Amino acid sequence: MVEIERHSYDVVVIGAGGSGLRAVIEARQRGLRVAVVTKSLFGKAHTVMAEGGCAAAMGNANSKDSWQVHFADTMRGGKFLNNWRMAELHAQESAERVWELETYGALFDRTKDGRISQRNFGGHTYPRLAHVGDRTGLEIIRTLQQKIVSLQQEDKAELGDYDARIKVFAECSITELIKDGDAIAGAFGYWRETGKFVVFEAPAVVLATGGIGKSFKVSSNSWEYSGDGHALALRAGSSLINMEFIQFHPTGMVWPLSVKGILVTEGVRGDGGVLKNSEGKRFMFNYIPPVFKGQYAETEAEADQWLKDNDSARRTPDLLPRDEVSRAINAEVKAGRGSPHGGVYLDIASRMTPEEIKKRLPSMYHQFLELAEVDITKDEMEVGPTCHYVMGGIEVDPDTGAAATPGLFAAGECSGGMHGSNRLGGNSLSDLLVFGRRAGLGASDYVRALSKRPTVSDAALETATAMAMEPFDGPEGTAKPENPYTLHAELQQTMNDLVGIIRTGPEIQEALAKIEEYKVRYRNIGSEGGRAFNPGWHLALDMRNMLLVSECVAKASLARTESRGGHTRDDYPKMDSEWRRTLLACRTVGDDAVVPEVSVTKELQPPMREDLLAQFELEELGKYYTDEELAAHPGRTEERS
Amino acid sequence: MTYEAKLRVWRGDDDGGDLRDFAVDVNDGEVVLDVIHRLQAEQAPDLAVRWNCKAGKCGSCSAEINGRPRLMCMTRMSTFDEAETITVTPLRAFPVIRDLVTDVSFNYEKAREIPAFAPPKDLQPGEYRMDQIDVERSQEFRKCIECFLCQDVCHVVRDHEENKKAFAGPRFLMRTAELDMHPLDTLDRKDMAQEDLGLGYCNITKCCTEVCPEHIKITDNAIIPMKERVADRKYDPVVWLGNILFNRTK
């Protein structure tokens, strides 16, 4: 057997973005030894791409804000499909998590009285997003990274070794979780630099691997987003929920082609930017859906008044939840009112002085100037929907982040439930902090309660090693080796065209047939060269995860015969109350160890606790719930008495 | 519009390597990283390159393009003549791992040597109050995406491996200035900047500022003010006299 480097830890965190790093901090502060394993360099995780801000009901900009309002906004944004307990914990704890970042050294933009400034964002009733210009994600990842360094400095002072309690394994990819019986026993992977194999023996693993956007062609996501955590959890026997819900961010760049999909922050609209079609018309007023009627401004004058003072008018429909805005842009382009490159216009130039734009949106200014030669202080931006975020993920216990597999935990984008069918902007960074901490806590408690540590068997290591080496063997017989780059490009095109923003049954079936074909071709995948820093081999291994996760997305999309949030079926355009309380859970079946088959099962959504249900007017709930579910609502019982 | 670009890419590892010539298609609006990716997908599947966001936000795809340290994702092909041969090489100040990927661990070691943010002990979370004007100075430095181009270009270490031990480099001198200017940091960082991080090695040629993709004024706004603070302390005659009279060593 090839040589395998061995490490032993209490907790292994896979992924070094916001949720992973927050989990590390928590487990370390509870006295455990933690490894954090990341595919990239330390501090490069996808969290840096978050721009607009981190939602937390601190009430600094409008003192009427509270966790209850944040909770209600989150449920509305997700079309009431959210796991209510996660939405509750998130709304209650996000302010504390943001304040904690200041003690780590974060420098958010300030209000006049020196507190953290908060900006408007889609679906949030009050200005709620703590931010640093348009680079909030960078501030958060750097702050957490620097906090970890400071904990390592404390460990060095106490124990003589920076790595005594936290060690960062950078540019190291995990390909397999290893179990002892039913429970997690460790994780197996390889160093990207050398290709050498490594096993982490640990009774608890926290998955914090982010999303799946690299399976789509037009995406704001980086190569890292190959759904590793989703796939690892599935193969370890845990389930995924809500995989049909993919967020297409309404404003990605559309030109030049090579940058198509790169994110344009919602902060542009939060700070006053407006969407226009080729006729120069602000079209969002025509797209306020029935469920939000009455909550949004109906004239330009009212929308502009709201920007000045959000207590005296209703909010602008430019800031409807992202799913609504994406569909609206799609419809405008389809109706022939799009921009030359198939998007619509986003105008900030006519709304703000050049100095103010450069100050509030510096990254956007540079991004457009350097990549598209567009000066956004003078001209409109061309924007269109881009695959941005997966609402679906590993089904977890809300309080502890525990997945179905004992010893497995998940947090952040790779977990599912919190955002329901559509995530509100700004709720991702806060999600990372709240549930990263909770998963770290859950893993720590689990490890402390164990009476004996699980062990990693040699047989499991041999299987994992063989699987990782397979791409070098190439196809059996005389078949032509499959180029991983070609296979990847085809999968991206298929998911984009057939399981994208607008879906139909026949197209999803066509996608599923193609995925089957790709799975067969995957068996012939061939990697040239050696194991040292070989991107062709890395992609071949990541493709295994992308194929499995893409099948989940397609199968769940086919099963859900309604439209809701990030799942729009042209053949079932209505939202259906029966489907609101139905979750689709994906699991693996059969005995294909490479890319297993996926089964989709209906599960009942746990009903919301009554005091939380009472936060909403009966009339609003009636738009989402079945009659039977609302029988116990106080509004209903009053009606009767 | 498509044309075929002439590309010269360094291939090899820590045992050595050489420049190889390639011809690669280029489409309208593309950046160097797009062309490197096309080269990888069509001609050199094992070409090692480090990248993540392809949007100038993560600072992973640092390399030297025609000898100048740059982010590959933010360097448009249209800035070169179509007939020109474009040379892409790994960062010179760091050891090569493979092809365009270098070992940047030097930077992570230096990061650990800078004492962390130290807020007042009695200040509770949620009680922090700072004025925008006071946080802006440090905020400029926190725009840093840690691409390490400044570390690569700085002549103190670029051709002088022996200086690496005593010199933290522009990125981390700036980090010290950032903490020193943080309105709530309680540590005095002037002596450590001079003695532990090698502030004195910098002779303000501003190469770091020139290559910074975030356009941070590293020299003018971080390093020079830090040098001035150190100088105030060191050569202040009153402090000097006080040190002698009261037998203070630091």
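Two strands pair if DSSP finds at least two bridges between them. Keep that in mind for the sheet in chain A; this is a predicted model.

**Stop 1: the sheet in chain A**

Select strands E1, E10, E9 and E8 of chain A. They form an open sheet of 4 strands in the order E1-E10-E9-E8, and the pairing is mixed. Colour E1(A), residues 4-8, and E8(A), residues 172-180, to mark the edges: each of these strands pairs on one side only. Now tilt the view to see how the strands lie against one another. Ignoring direction, neighbours in this sheet are turned by 25 degrees on average.

Next, zoom in on E8(A) and E9(A), the latter covering residues 183-191. These two run antiparallel and are joined by 8 bridges. Which residue stands opposite A:Lys179? Click across to E9(A) and you land on A:Ile184.

**Stop 2: two helices in chain A**

Hide the sheet and show H2(A), residues 67-77, with H3(A), residues 84-104. Two packed helices are described by the angle between their axes and the distance between the axes. Here the angle is about 140 degrees and the axes are 8 Å apart. Angles over 145 degrees would count as roughly antiparallel, so at about 140 degrees H2(A) is oblique to H3(A). The crossing of H2(A) and H3(A) is right-handed.

Turn on side chains where they meet. From H2(A), pick A:Trp67, A:His70, A:Phe71, A:Thr74 and A:Met75. On the H3(A) side, add A:Trp84, A:Ala87, A:Glu88, A:His90, A:Ala91 and A:Gln92. Colour this contact by class and you get 6 nonpolar, 4 polar and 1 charged residues.

**Stop 3: chain B on its own**

Switch to chain B and show it as a cartoon. You'll find 10 helices and 7 strands. Along the principal axes, its C-alpha atoms fill a box of roughly 75 × 40 × 30 Å. Chain B has 250 residues, and 47% of them count as buried. Take its contacts with a separation of 6 or more: 63% of them come from residues 24 or more positions apart.

**Stop 4: where B touches A**

Bring chain A back. How many residues of chain B are in contact with chain A? Select them and you have 47, against 48 residues of chain A. On the chain B side, the elements giving two or more residues are H1 (32-42), E6 (96-98), H2 (105-112) and H3 (132-142). Highlight H3(B) for the biggest share: this helix gives the most, with 5 residues. Finish by colouring chain B's side by class, which shows 22 nonpolar, 11 polar and 14 charged residues.

Terms used: Residues numbered from 1 in each chain as written. Chains lettered and ligands numbered in written order. Predicted model: local features only at pLDDT ≥ 70, side-chain atom pairs only at ≥ 80, totals over all residues. Contact = placed C-beta atoms within 7 Å. Nonpolar A, V, L, I, M, F, W, Y, C, P; charged D, E, K, R; others polar. Axes fitted to C-alpha atoms, helices over the stretch in contact; angles between N-to-C directions. Parallel < 35°, antiparallel > 145°, perpendicular 65-115°, else oblique. Left-handed = near helix turned anticlockwise from the far one by under 90°. Buried ≥ 20, exposed ≤ 12 C-beta atoms within 10 Å, placed from the backbone.
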